[in-house]
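Hi everyone, thanks for coming. I've got one structure to walk you through today, so let's put it up on the screen.

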Number of protein chains: 2
Amino acid sequence: MVDNILPKQSKLLTDDKSDSTCGCFVTKLFSKRAQNREVQEARILEAATSCFVRAGFRGASMNDICSEAGMSPGALYRYFPSKESLIEAIVAGHRKASAEILDRMSGYGNIIDALVMVGLDHVRQKSANGVDDASARLFAEVRAEAIRNEAVAAQCELYEGQMREKLLSAIGAAKARGEIDPVGDLELVAATLAAMGEGVIMRNFPAQGVPVEALEPMFRALAVAILRPASA
Amino acid sequence: MVDNILPKQSKLLTDDKSDSTCGCFVTKLFSKRAQNREVQEARILEAATSCFVRAGFRGASMNDICSEAGMSPGALYRYFPSKESLIEAIVAGHRKASAEILDRMSGYGNIIDALVMVGLDHVRQKSANGVDDASARLFAEVRAEAIRNEAVAAQCELYEGQMREKLLSAIGAAKARGEIDPVGDLELVAATLAAMGEGVIMRNFPAQGVPVEALEPMFRALAVAILRPASA
DNA sequence: AAAAAAAGAGCGAATGTTCGTTCTCAATTA
DNA sequence: TAATTGAGAACGAACATTCGCTCTTTTTTT
């Protein structure tokens, strides 16, 4: 389809003549070749994401991805050894971005505000990240793929384990401070909050015309109901 | 794999000789042939469900399904004209079962109890329906498939539209009665409850060792938080 | 610094396999 | 006998991946 927006061989980094007179291994790290590799990998991942969102991991063919990336199969296979490796790279990046949102929790004075922020930020990121709602769709695809693809399941496990820990420690600390009185076992409380939040994220409300702000009272009500802060 | 647990041709209904002396068209409806057709269709759907849960809609081949059903491709294609038609039949059945749970809502005195029941019944049905947790896994698969398969999307739309209406009318009635004071717009409230409930269903908690009863206070807290009953 | 050699990058046709579906023919039922 | 049902081989398309080749960049040698 989109055949040649970029020249066949990216020249992006060719103009500025880097001082290749230096013989040290810095040349190796920043050589034309090494830089090009990163650019190409990014290009492939972007194309693959676009194709996978459109047709699913199984539905998108390597040829589709090659076309979208403006690259031949032979070239693409120099950067990723298999379709499977592409899927894994994309899943890891997707889940990592989610996990990182939780790191901002400590910036909030109380746990309720922090949780609401986590929910809203997820919705924002998954629905308007860049141009389209690719991320929310990927979420569903990844969930399904994880059921039968062991490597993908492991990636999910890894990052979702991190998320669970972060959530758990934040809630545990708040409880220790006497800030909240959760309705149940901390583990279950954290898992339920995560599951319910994920349900909202996957619905992709913004794509259906519901503004992110409208979800704020919903997330807040959920957090208050499950965590029962002393102030309420 | 499981090659021949059942005989190649099911004899389940062959033994009891039905009175084929009657020449009216009732014979057509209940003839050996017509009965056999239903049995075979059920057998195929069961096998297909099993395969799809194991490998996904795209990952399971028609040969897999044929083997599991103890049937040749030629035979199977007499009952379903395509893989696509199998998928659609399964999706429809799966979503219909979900929608029917909502019909039991009117049996409860108040909306909170009714909602909690709906959530728990979904979890029960999706996780322990029959033998394994096939139904919860199918949920994820169907969500992903609906993104790119128009026919599946339409099936989901149909039944989820019904569910939305049922939920909306139940909540609307409770509000009219002054029983509750929801935190927001009724449409959004219903959609959020459904999304959050779905999140819990897809997590398949019972398969991870969390008993269904443990989820009851979670669902109740959610319903109370979002709907705000006067009694609370 | 120039020449030669090696390594890397890209292309696109080719490969072997898998898959959904169809076809032909035999067996069973009406 | 006529119609339905089933088996299983066969078909054509699609797919992930590889191969042989050319061109460019980097490294080594002179």
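I'll talk about how the protein meets one of the DNA strands, and then about an annotated domain.

Before we start, keep in mind that this is a predicted model.

So, which residues come nearest to DNA strand C? There are 23 residues around that strand, and the nearest are Q40(A) and Y79(A) from one chain, plus M62(B), Y77(B) and K83(B) from the other. If you look at the strand's own atoms within 4 Å of the protein, 60% of them belong to sugar and phosphate.

Let's zoom in on a few contacts. Y77(B), one of those nearest residues, has a polar side-chain atom 2.5 Å from a phosphate oxygen of DNA strand C. Over on chain A, the side chain of R78(A) puts an N or O atom 3.0 Å from a base oxygen of the strand. G74(A) also has a base oxygen of strand C at 3.3 Å, but here it's a backbone N or O atom of the glycine.

Now, where does this surface come from? Four helices each supply at least two residues: α2 (32-59) and α4 (73-76) in chain A, and α2 (32-55) and α4 (73-79) in chain B. The top contributor is α2(A), which gives four residues.

And what is the surface made of? By class, you get eight nonpolar residues, eight polar ones and seven charged ones near DNA strand C.

Last thing, the annotation. An unreviewed UniProt entry marks residues 38-98 of chain A as "domain: HTH tetR-type". In the model, that span is 82% helix and 0% strand, and its end C-alpha atoms lie 23 Å apart.

Methods: Residues are numbered from 1 along each chain as its sequence is written. Chains are lettered from A and ligands numbered from 1 in the order in which they are written. This is a predicted model: local features need pLDDT of at least 70, side-chain atom pairs count only at pLDDT 80 or more; totals for chains, interfaces and linings use all residues. Side-chain values use heavy atoms; hydrogens and water are left out. A residue is near a molecule or strand if one of its heavy atoms lies within 4 Å of it. A polar contact is a pair of N or O atoms within 3.5 Å; within protein, one must be able to donate a hydrogen and the other to accept it, and residues adjacent in sequence count only if both atoms are side-chain atoms. Ala, Val, Leu, Ile, Met, Phe, Trp, Tyr, Cys and Pro count as nonpolar, Asp, Glu, Lys and Arg as charged, and the others, Gly among them, as polar. UniProt positions are given in the numbering used here, feature names are shortened, and annotations may be inferred rather than shown by experiment.
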